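User: Please take a close look at the cysteines of this protein and at the nonpolar interior. A connected account would be appreciated.

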Amino acid sequence: SDGHFHAVNCWAIQENLIDSELFGHEKGSFTGATDAKAGQFEICDGGTLFLDEIGDMGLPTQTKILRAIQEGEIQRVGSTKIKKVDVRLLAATHKDLEKMVQEKTFREDLYYRLNVVRIETPPLRERMEDMPELVDFMLQRLNNKHSTGVTEISEDALDTLTKYNW
């Protein structure tokens with residue numbers, strides 16, 4: 001818990017750069033690699049790496065992530081050396097990974113490695129009873145950030161939020 005925590009949005013990184021971002025690269029390993037660079041797995045050694053939108057990641061990178069999980073080993077792009085890493089991995093996605101496994105677009109073995117503790121959060125529209133607490137939280141957060149002095153909303157405003165089709 002005292003180690004580094006980094007979050008990576010897998011969807012936001014181009015497919016040809018994801019390996020470099022996650023596993024690092026050596027100087028000269030590709031055009032623009034003017035220096036060696038540690039990847040997120042190295043940076044988070046002894047800590048936690050959060051892979052957001054892992055369902056958007058290609059099969060070749062999934063294979064490398066599986067190796068990092070199973071063997072605790074990574075290899076920088078352009079390197080012949082293996083590095084040992086100890087990283088706690090968290091992953092999230094909005095996609096149906098079980099369906100992707102059936103369609104062979106997500107590795108089954110990686111899915112089972114990641115699916116140790118599964119937390120499904122239903123959409124807000126299915127849990128309107130949470131609205132008052134969410135509104136209070138957001139008001140407190142906005143008030144602390146912007147010193148608005150607004151600490152509550154009217155019942156009509158809360159009713160409007162609750163009836164909205166989220």
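How many disulfides does a search of the whole structure find?

Analyst: The structure is a predicted model, and a search through the whole of it finds zero disulfides. The reason lies in the distances between the sulfur atoms. A disulfide requires two cysteine sulfur atoms within 2.5 Å. For Cys10, the closest cysteine sulfur is that of Cys44, 12 Å away, which is too far for a bond. Seen from Cys44, the closest cysteine sulfur is in Cys10, again at 12 Å and too far for a bond. Both side chains belong to buried residues: Cys10 has a relative accessible area of 4%, and Cys44 is at 0% relative accessibility.

The surroundings of Cys44 lead to the nonpolar interior. Cys44 is in contact with Leu49, a residue that also contacts His6, Val8, Gln40, Phe41, Val87, Arg88, Leu89 and Leu90, its neighbours within four places in sequence being left aside. Leu49 is among the members of the largest nonpolar core that touch the most other members, together with Leu22, Phe41, Leu51, Met57, Ile65 and Phe106; this core comprises 23 residues. At least two of its residues come from each of α1 (18–23), β4, α3 (59–71), α4 (97–102) and α5 (108–114). A second, separate core has six residues, including Leu124, Met128, Val135 and Leu158.

As to confidence, the protein has an average pLDDT of 93, and 100% of the residues score at least 70. Strand β4 (residues 48–52) has the highest confidence, at 97, whereas helix α6 (residues 131–146) has the lowest, at a mean of 93.

Key. Residues are numbered from 1 along each chain as its sequence is written. This is a predicted model: local features need pLDDT of at least 70, side-chain atom pairs count only at pLDDT 80 or more; totals for chains, interfaces and linings use all residues. Side-chain values use heavy atoms; hydrogens and water are left out. Buried means under 20% relative accessible area, exposed over 50%, partly exposed in between (1.4 Å probe, protein chains only). pLDDT is the predictor's confidence in each residue, from 0 to 100. Helices (H or I, at least four residues) and strands (E, at least two) are DSSP runs, numbered from the N terminus. A nonpolar core is a set of buried Ala, Val, Leu, Ile, Met, Phe, Trp, Tyr and Cys residues joined through side-chain atoms within 4.5 Å. Contact means heavy atoms within 4.5 Å.
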